[in-house]
Amino acid sequence: MKRRTCTSLRNLRIGLFFVGPWLIGLTVFNIVPFMLSLYYSLTNYSLLSPPVWTGFNNFRWLFEDETFRLALWNTFYFVLIGFPLTQLAALVLAIMLHSIGEKSMKWFRAAYYFPGLVPGVVMALTWMLMMNPNFGIFNFFLSKLGISSPLWFDDPFWAKPGIILLSFWYIGGSIIIYLAALKDVPVELYEAASLDGASMWYRIIKITIPMISPAILFNTVVGMIATFQLFTEPFIITGGGPDYSTLTVGIFIYNQAFRFLHMGYASAAAWVLFVIIFALTFLLLKISKGIVYYRGG
Amino acid sequence: MRNWIKLLIGTCLLSMLFGMVVAQPAMARTEITYWVKWSGEEFSELKPIFEKFNSVQDEIYVNVLSVSDVGGDLEAKFYTAVAAGDSPDLVHVMSHQVPEWAGKNALSSLDDIPTYGVDLSRHIERYLDLGKYDGQLYALPLAPATVVLYWNKELFREAGLDPNKPPTTIDELNEYIKKLTKYDDKGNIIQLGFDPLTPGWWPPAWCYFFGGKLYDPQTKRITANAPENVKAYEWLRDFIKEFGMEKLQAFRAGFGPYWSAENAFVTGKVAMSYDGIWKPHLIDSFAPEFDWGVTAFPSVDGKTRVYIEGDYVGIPVGAKHPEAAKKFLAYLLKPEVLEQINLAQWKIPTLKEVSEEFIANHPNKNIGEFIKITKMANELFCWPRIPVCNYYLSQWLDVVVPKVTLLKDTPQNVLNLVQKNMEREQQRTK
């Protein structure tokens with residue numbers, strides 16, 4: 001017994017030794033700033049002078065701030081319209097890839113994942129050129145089809161759809177996860193359904209979707225959180241404009257913190273975003289309990 | 001084998017020792033760091049001028065660093081460096097940023113700079129004011145800039161206008177714009193007389209040309225929605241309505257990058273341009289034969305009002321070697337050094353008198369015109385000297401210009417909104 005305790009202690013020490021650097025990093029770079037931001041959100045803090053306690057003033061100002069409301073609205077637009085569209089595209093493509101031969105599938109899987117390796121800033125700059133109203137490739141093809149070319153990022157109406165369009169660039173990651181889940185769906189289920197005369201559509205709805213529902217939930221939660229934090233693409237391409245049409249909460253926080261040095265105000269906005277993400281993730285997980293099917297558990 | 005290792009270690013140690021001995025003279029000097037926002041060709045031209053200081057004395061060694069300012073992020077890097085206690089010894093500051101940086105306690109006072117041999121009386125007072133906040137001097141001018149109207153003489157001739165007679169009033173400007181604008185068979189714009197949004201970097205300037213102002217220093221009140229400012233933006237809205245928002249957007253989309261042979265003014269797509277003193281450098285780089293003229297921007301009453309700004313230098317709070325930094329500043333402020341900096345920048349130093357060689361060697365052969373414009377101006381205006389300057393600027397760039405030019409709201413409503421936002425901001429940051 002004593003020997004076992006000694007071994008356990010030794011294992012704990014070794015475990016802590018290996019996990020130590022990560023624990024230190026997590027504390028210094030995540031937990032401490034996280035807690036400090038909560039304190040700063042209740043202060044007026046310009047980074048260069050000591051914070052002054054203001055209570056909940058920052059939150060009161062935030063809800064009266066028309067720009068913040070606009071940033072929230074834009075962010076929800078990307079989450080509720082842009083994100084489902086990209087997920088749907090990823091799912092459809094994954095199902096299509098799954099149905100073709102293994103050899104071709106491997107090639108296409110790499111091809112779809114490949115764009116995701118391009119850094120966000122490079123991708124944003126490339127898309128700026130591709131969507132240039134005058135010499136961009138998008139409008140070249142649209143004009144060939146006889147469609148009048150939108151001004152994309154120069155037009156507040158088209159700027160948001162433009163950003164959504166370029167977010168399709170990164171669907172490769174979701175496709176890989178869906179493909180892995182699709183591979184796990186037992187073939188017998190499809191065979192049985194075929195024998196019963198089920199159509200392809202019916203098989204997808206009744207077999208594929210429920211069987212890969214854990215993957216759908218995972219992609220939804222991770223993707224939704226990432227979309228709420230959308231920053232790089234609109235920041236590089238439009239800086240939040242024109243007329244604040246692509247201003248996300250992420251850009252709002254950056255502007256307040258680093259352009260205007262309102263660290264307290266930016267922290268308050270970050271906490272509002274955190275609460276929204278936390279609440280929606282919690283809600284999503286709660287709702288999913290009755291819907292998502294976990295095989296073997 | 002072991003001997004080899006000993007030999008290797010021995011060689012390394014000897015090399016380190018040798019390196020230390022060779023580097024000894026530099027180590028004895030006080031090393032200071034100077035952050036500048038210039039990069040690329042500009043930086044290559046200016047760096048030798050700054051670093052010449054290292055060879056004219058052996059007490060201080062200056063290290064000039066080009067800090068990227070893409071999207072204006074030198075400011076963000078500077079703030080975080082000051083907050084982290086890792087300030088550079090000197091920093092590049094734009095004149096409009098001085099009140100904000102000084103007000104936020106990021107810059108040190110330079111009121112004692114005359115004791116280091118800087119003769120401030122040699123400089124034009126108005127430019128020294130741009131380095132002040134609340135009566136104290138925080139930054140010194142290196143390369144100031146004026147923003148003026150350039151016109152394409154060839155296009156004036158083609159339109160039947162006198163190529164030596166630019167517009168002097170807003171009414172004349174409107175008339176010239178019409179005469180200089182051309183359309184194709186489908187009604188698309190192929191040449192525009194003037195475009196307020198190209199490059200469009202000084203949106204509040206229109207207010208001054210209509211007799212308005214952004215801030216009243218007497219009452220210390222923001223005056224964003226002053227009647228003159230509303231008139232200025234009504235003029236901008238009428239311009240958009242006259243030429244058509246979509247047609248203008250489509251026309252602008254064909255412009256190349258600013259610093260390129262595809263610049264809208266250089267290619268003759270836009271006949272008149274409101275731009276900085278550096279524009280002749282751009283013209284000379286891409287179209288040396290271009291026939292252009294320069295004058296103050298027209299105003300509603302014909303009075304000349306010229307916007308001034310500039311590249312300044314300050315000493316951050318927390319700088320490790322403020323004494324050495326001030327000695328370097330004194331070197332930079334020597335008239336001959338200022339002239340070298342401004343020759344490289346195609347600008348004019350803030351000195352009351354410049355040397356004859358400076359004029360003779362200036363790459364801009366029209367530089368005399370620029371000196372005249374500034375000297376003869378009825379008013380030299382600049383950004384309000386308030387510490388919420390960045391926010392105010394963002395209100396013009398992100399709210400006023402898009403809302404008015406996209407015809408989202410009336411200029412009166414938009415400027416009322418900015419007035420409200422600014423009052424709220426002032427109250428919030430008290």
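**Exercise 1. A helix residue at the chain boundary**

Which residues does Ala76(B) touch, not counting residues up to four places away in sequence?

*Solution.* Before starting, note that this is a predicted model, in which local features need pLDDT of at least 70 and side-chain atom pairs count only at pLDDT 80 or more, while totals for chains, interfaces and linings use all residues. Residues are numbered from 1 along each chain as its sequence is written, chains are lettered from A and ligands numbered from 1 in the order in which they are written, and side-chain values use heavy atoms, with hydrogens and water left out.

Step 1: locate Ala76(B), which is found in helix H4 of chain B; helices here are DSSP runs (H or I, at least four residues; strands are E, at least two), numbered from the N terminus.

Step 2: apply the contact criterion, heavy atoms within 4.5 Å; by it, and leaving aside residues up to four places away in sequence, Ala76(B) touches Tyr254(A) and Phe258(A).

Step 3: classify the accessibility of Ala76(B), which counts as buried because its relative accessibility is 11%, given that buried means under 20% relative accessible area, exposed over 50%, and partly exposed in between (1.4 Å probe, protein chains only).

Step 4: as a check on distance within the chain, Ala76(B) and Ala232(B) lie 156 residues apart in sequence and 32 Å apart in space, C-alpha to C-alpha.

**Exercise 2. The interface of chains A and B**

Describe the interface between chain B and chain A by its area, its composition and its charged pairs.

*Solution.* Step 1: count the participants, which are 31 residues of chain B in contact with 26 residues of chain A.

Step 2: state the area. The size of an interface is often given as the accessible area lost when the parts come together. Here the two chains bury about 2500 Å² between them, 57% of it on carbon and sulfur atoms, where buried area is the accessible area (1.4 Å probe) that two parts lose on being put together, summed over both. On the chain B side, Lys104(B), Arg424(B) and Arg428(B) lose the most area to chain A, and together they account for 26% of what that side buries.

Step 3: count the charged and polar pairs. There are 3 salt bridges between chain B and chain A, a salt bridge being a side-chain nitrogen of Lys or Arg within 4 Å of a carboxyl oxygen of Asp or Glu. A salt bridge joins the side chains of Asp65(A) and Arg424(B), at 3.9 Å from N to O. The two chains also have 4 residue pairs in polar contact, both residues being at pLDDT 80 or more; a polar contact is a pair of N or O atoms within 3.5 Å, of which, within protein, one must be able to donate a hydrogen and the other to accept it, and residues adjacent in sequence count only if both atoms are side-chain atoms.

Step 4: assign the elements. Helices H4 (74-83), H11 (245-252), H17 (389-405) and H18 (411-428) of chain B each supply at least two residues of the side that touches chain A, and H17(B) gives the most, with 8 residues.

**Exercise 3. Two helical salt bridges**

Compare the setting of the salt bridge of Lys179(B) and Glu175(B) with that of Glu369(B) and Lys372(B).

*Solution.* Step 1: the side chains of Lys179(B) and Glu175(B) meet at 3.4 Å, N to O, and both residues lie in helix H8 (residues 170-180) of chain B, 4 residues apart, about one turn of the helix.

Step 2: Lys179(B) is partly exposed, with a relative accessible area of 44%, and Glu175(B) is also partly exposed, at 41%.

Step 3: the side chains of Glu369(B) and Lys372(B) meet at 3.6 Å, N to O; because they are 3 residues apart in helix H16 (residues 367-376) of chain B, about one helical turn separates them.

Step 4: Glu369(B) counts as partly exposed at 31% relative accessibility, as does Lys372(B) at 47%.

**Exercise 4. Confidence**

Assess the confidence of the model.

*Solution.* Step 1: chain B averages a pLDDT of 90, and 93% of the residues score at least 70, pLDDT being the predictor's confidence in each residue, from 0 to 100.

Step 2: over residues 21-26 of chain B the pLDDT stays under 50, and the model has 0 contacts beyond four places in sequence for them.

Step 3: the model scores ipTM 0.78 and pTM 0.83.
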